[in-house]
Amino acid sequence: MEREKIIRERFKVFKSLGSYGYNTDPKVIRLNTDELVEKTSMDRSEIAIAIGIKKALKVGKLVTYLNGLEEVGESSKKEIITK
């Protein structure tokens, strides 16, 4: 049940980013947190998810992140350790 809640929240923020003009990969990657706070009505948890979406997109794990299967920070740490 918790994973379903995470997925719903992440997709809600993903949809919101598109409506605020962050509708392409480059725009999301260039996402500026200060600009996001000023332009949107997102709360802290939603901004944290938006930053997670940005990080996931950078490392090519957007679908994994949106589906709540893995945290981006944890996956990149694991990849570094195994290399």
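**Figure 1. The contact of helix 1 with helix 4 in the predicted model.** Glu 9, Arg 10, Lys 12, Val 13, Phe 14 and Leu 17 of helix 1 meet Glu 46, Ile 49, Ala 50 and Ile 53 of helix 4 in this predicted model. The residues of this contact divide into six nonpolar and four charged, with no polar residue among them. Two packed helices are described by the angle between their axes and by the distance between those axes. For helix 1 (residues 2-19) and helix 4 (residues 44-58), the angle is about 80° and the axes lie 9 Å apart. Helix 1 is therefore roughly perpendicular to helix 4, since angles of 65 to 115 degrees count as such.

**Figure 2. Helix 1, with its buried and exposed residues.** Helix 1 has 18 residues, and from its first C-alpha to its last it reaches 26 Å, close to the 26 Å expected at 1.5 Å a residue. Arg 10, Val 13 and Leu 17 are the buried residues to be seen in helix 1. These three cover an arc of only 65° around the axis, which puts them on the same side of helix 1. An α-helix has 3.6 residues a turn, so residues three or four places apart point the same way. Arg 8, Lys 15 and Ser 19 are exposed, and they are carried by the face of helix 1 that is turned away from its buried side. The cover over the buried residues of helix 1 includes helix 3 (33-39) and helix 5 (62-66) as well as helix 4. Helix 1 is followed by Gly 21, whose phi is positive, near 100°.

**Figure 3. Helix 4 and the glycine that follows it.** The 15 residues of helix 4 should span 21 Å at 1.5 Å a residue, and this agrees with its end C-alpha atoms, which are 21 Å apart. The buried residues of helix 4 are Glu 46, Ile 47, Ile 49, Ala 50, Gly 52, Ile 53, Lys 54, Ala 56 and Leu 57. Among the residues of helix 4 that meet helix 1 are Glu 46, Ile 49, Ala 50 and Ile 53, and these names also appear in the list of buried residues of helix 4. Helix 4 is followed by Gly 60, for which phi is positive, near 75°.

**Figure 4. Leu 66 and Val 63 in helix 5.** Leu 66 lies in helix 5, and its relative accessible area of 6% makes it buried, the limit being under 20%. Leaving aside its neighbours within four places in sequence, Leu 66 is in contact with Ile 7, Arg 10, Phe 11, Phe 14 and Ile 53. Leu 66 and Glu 9 are 57 residues apart in sequence, and from C-alpha to C-alpha they are 9.0 Å apart in space. Val 63 also has its place in helix 5, but at 60% relative accessibility Val 63 counts as exposed, the limit here being over 50%. From C-alpha to C-alpha, Val 63 and Ile 53 are 9.4 Å apart in space, with their positions 10 residues apart in sequence.

**Figure 5. The protein chain as the setting of these views.** The secondary structure of the protein chain comes to six helices and zero strands, and from the N terminus on its elements run α-α-α-α-α-α. Of the 83 residues in the protein chain, 28% are buried. Among contacts between residues at least 6 apart in sequence, 49% join residues at least 24 apart.

Methods: Residues are numbered from 1 along each chain as its sequence is written. This is a predicted model: local features need pLDDT of at least 70, side-chain atom pairs count only at pLDDT 80 or more; totals for chains, interfaces and linings use all residues. Side-chain values use heavy atoms; hydrogens and water are left out. Axes are lines fitted to C-alpha atoms, for helices over the stretch in contact, and angles run from 0 to 180 degrees between N-to-C directions. Helices (H or I, at least four residues) and strands (E, at least two) are DSSP runs, numbered from the N terminus. Angles under 35 degrees count as roughly parallel, over 145 as roughly antiparallel, 65 to 115 as roughly perpendicular and the rest as oblique. Contact means heavy atoms within 4.5 Å. Ala, Val, Leu, Ile, Met, Phe, Trp, Tyr, Cys and Pro count as nonpolar, Asp, Glu, Lys and Arg as charged, and the others, Gly among them, as polar. The expected span of a helix is 1.5 Å times one less than its number of residues. Buried means under 20% relative accessible area, exposed over 50%, partly exposed in between (1.4 Å probe, protein chains only). The arc is that of the directions from the helix axis to the C-beta atoms.
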